Amino acid sequence: MAYQAAENRYQEMKYNRCGKSGLRLSALSLGLWHNFGSKDSAAASTATVHRAFDLGITHFDLANNYGPPPGSAEERFGKILRGMGRYRDEMIVSTKAGYYMWKGPYGDLGSRKYLLSSLDQSLSRMKIPYVDIFYHHRPDPDTPLEETMGALATAVRQGKALYAGISNYKPEEAGRAIRILRDLGTPCVIHQPSYSMYNRWIEDGLLDVLGNEGVGCIVFSPLAQGMLTDRYFKGIPAGSRATKSQFLTKDKVDEARLDKSRKLNELALARGQTLAQLALAWVLRDSRVTTALIGASSPRQVEENVGALKRADFPAEDLARIEAILKG
Ligand SMILES: NC(=O)c1ccc[n+]([C@@H]2O[C@H](COP(=O)([O-])OP(=O)(O)OC[C@H]3O[C@@H](n4cnc5c(N)ncnc54)[C@H](OP(=O)(O)O)[C@@H]3O)[C@@H](O)[C@H]2O)c1
């Protein structure tokens, strides 16, 4: 049956302005790094995207290398999108290039050659004429920043991307990239760094740069890949990320982390929310953070996570308790 979006999809979600741009993004975005490759269940990934959209999530984040195998998440998403075609103008779709994608000297890092070929490949995998945001996925120390940012500007001028973004750039290089893109007349609309209660590097300068420059911030892995949820409280469940990803290996599900997560969970329950909801509300407490970029392996996880917006205030004593648990 053809997909029909929920009538009330804009009722509960919050939409935040992306820096000083005209673009507003849902406070939660859905990323397709894991769980959307060709080996994952097509039914589950389709249901997860549909549920997200029904709950007001408008932003879907991809990259050339998401899968596995690399590229298959874009193919999967392209298929899902074709079933949602009438809603395309209600959606923000992003992709990226910057990590290894194909053999030889032109399939990695930050050259103009790599970025523009990769974007063409992404568009053909998704079978769409443009993405909303095209990112450089990580800094490349050996390519002049002018060349890399020039490629993003070209993508925007060609109409293959509506906006340019950067990811994983440190404060100083982010500032330089932002200024180059502004001078080229294709401003950087967004930066995509990692951020969670367990990974706070962006508090040390990057948020100041983005705030001062009027650039939005979409934070990835806000749940520390599941460690800031109750997913691993009773061991490592079959099918969980820790059983299948090189990025969250079983040894990273360690007792010290779990102990902190259990303490944070007690605070969350006292606030009337789950640990995942607490962790998401917490990254969104700074108004310079535009949106929290979650992953999900089921519609149920998306539902729970969207519930974070129901309790997003942080009395000083809750913040102090969180700091104490994180330091302890
Ligand atoms: N720019 C970059 O370099 C970069 C790097 C990494 C990620 N990203 C982007 O950020 C997105 C999100 O990253 P992420 O997937 O690491 O984010 P995350 O939200 O920290 O982790 C998502 C994982 O946590 C678990 N989870 C989510 N909600 C849950 C809930 N309510 N209860 C229990 N477990 C829950 C699920 O694990 P299970 O699968 O075990 O169920 C899910 O796959 C990616 O998809 C990608 O778009 C970008």
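**Exercise 1. In which helix does Leu275 lie, and what surrounds this residue?**

Keep in mind that you're working with a predicted model.

Step 1: Find the residue. Leu275 is part of helix H9, which covers residues 275-283.

Step 2: Decide whether Leu275 is buried or exposed. A residue counts as buried if 20 or more other C-beta atoms lie within 10 Å of its own. Leu275 has 25 other C-beta atoms within 10 Å, so it's buried.

Step 3: List the contacts. Skip the neighbours within four places in sequence, and Leu275 is in contact with Leu228, Thr229, Asp230, Ser261, Leu264, Asn265 and Ala268.

Step 4: Pick one partner and check the spacing. Thr229 is 46 residues apart from Leu275 along the chain, yet their C-alpha atoms are separated by 5.2 Å.

**Exercise 2. Now try Glu7: is this residue buried or exposed?**

Step 1: Locate Glu7. You'll find it in the segment before strand E1 (15-17).

Step 2: Count the surroundings. The cut-off for an exposed residue is 12 or fewer other C-beta atoms within 10 Å. Glu7 has 8 of them, so it's exposed.

Step 3: Look along the chain. Glu7 and Lys20 are 13 residues apart in sequence, and from C-alpha to C-alpha they are 30 Å apart in space.

**Exercise 3. Work out how helix H8 packs against helix H11**.

Step 1: Get the geometry. H8 (residues 255-270) and H11 (residues 316-327) pack at an angle of about 165°, and their axes are 9 Å apart.

Step 2: Name the arrangement. Angles over 145 degrees count as roughly antiparallel, so that's the label for H8 and H11.

Step 3: See who touches whom. H8 brings Lys260, Lys263, Leu264 and Leu267, while H11 brings Asp318, Arg321, Ile322, Ile325 and Leu326.

Step 4: Sort these residues by type. The contact of H8 with H11 has five nonpolar, no polar and four charged residues.

**Exercise 4. Do the same for helices H5 and H6**.

Step 1: H5 spans residues 171-183 and H6 spans residues 206-213; they pack at about 20°, with axes 8 Å apart.

Step 2: Angles under 35 degrees count as roughly parallel, so H5 is roughly parallel to H6. The crossing of H5 and H6 is right-handed.

Step 3: On the H5 side you have Pro171, Ala174, Gly175 and Ile178, which meet Leu206, Val209 and Glu213 in H6. By type, that's five nonpolar, one polar and one charged.

**Exercise 5. Hunt for unusual backbone spots in the loops.**

Step 1: Check the peptide bonds in the loop between strand E4 (59-61) and helix H2 (72-82), where Pro68 is found. The bond from Gly67 to Pro68 is cis, with omega near -5°. Pro68 and Pro69 are also joined by a cis bond, with omega about -10°.

Step 2: Look for positive phi outside glycine. Leu109 has a phi of about 70°, and it lies in the loop between strand E5 (92-97) and helix H3 (112-126). For Asn168, phi is near 65°; its loop runs between strand E7 (161-167) and H5.

Step 3: Compare surroundings. Leu109 is buried, with 21 other C-beta atoms within 10 Å, whereas Asn168 has 19 and is partly exposed.

**Exercise 6. How does the radius of gyration of the chain fit a compact globule?**

Step 1: For 328 residues, a compact globule would come out near 20 Å.

Step 2: The chain has 19 Å, which agrees.

Conventions. Residues are numbered from 1 along each chain as its sequence is written. This is a predicted model: local features need pLDDT of at least 70, side-chain atom pairs count only at pLDDT 80 or more; totals for chains, interfaces and linings use all residues. Axes are lines fitted to C-alpha atoms, for helices over the stretch in contact, and angles run from 0 to 180 degrees between N-to-C directions. Helices (H or I, at least four residues) and strands (E, at least two) are DSSP runs, numbered from the N terminus. Angles under 35 degrees count as roughly parallel, over 145 as roughly antiparallel, 65 to 115 as roughly perpendicular and the rest as oblique. A crossing is left-handed if the near helix is turned anticlockwise from the far one by less than a right angle, and right-handed if clockwise. Two residues are in contact if their C-beta atoms, placed from the backbone, lie within 7 Å. Ala, Val, Leu, Ile, Met, Phe, Trp, Tyr, Cys and Pro count as nonpolar, Asp, Glu, Lys and Arg as charged, and the others, Gly among them, as polar. The radius of gyration is taken over C-alpha atoms; the globule rule is 2.2 Å times the number of residues to the power 0.38.
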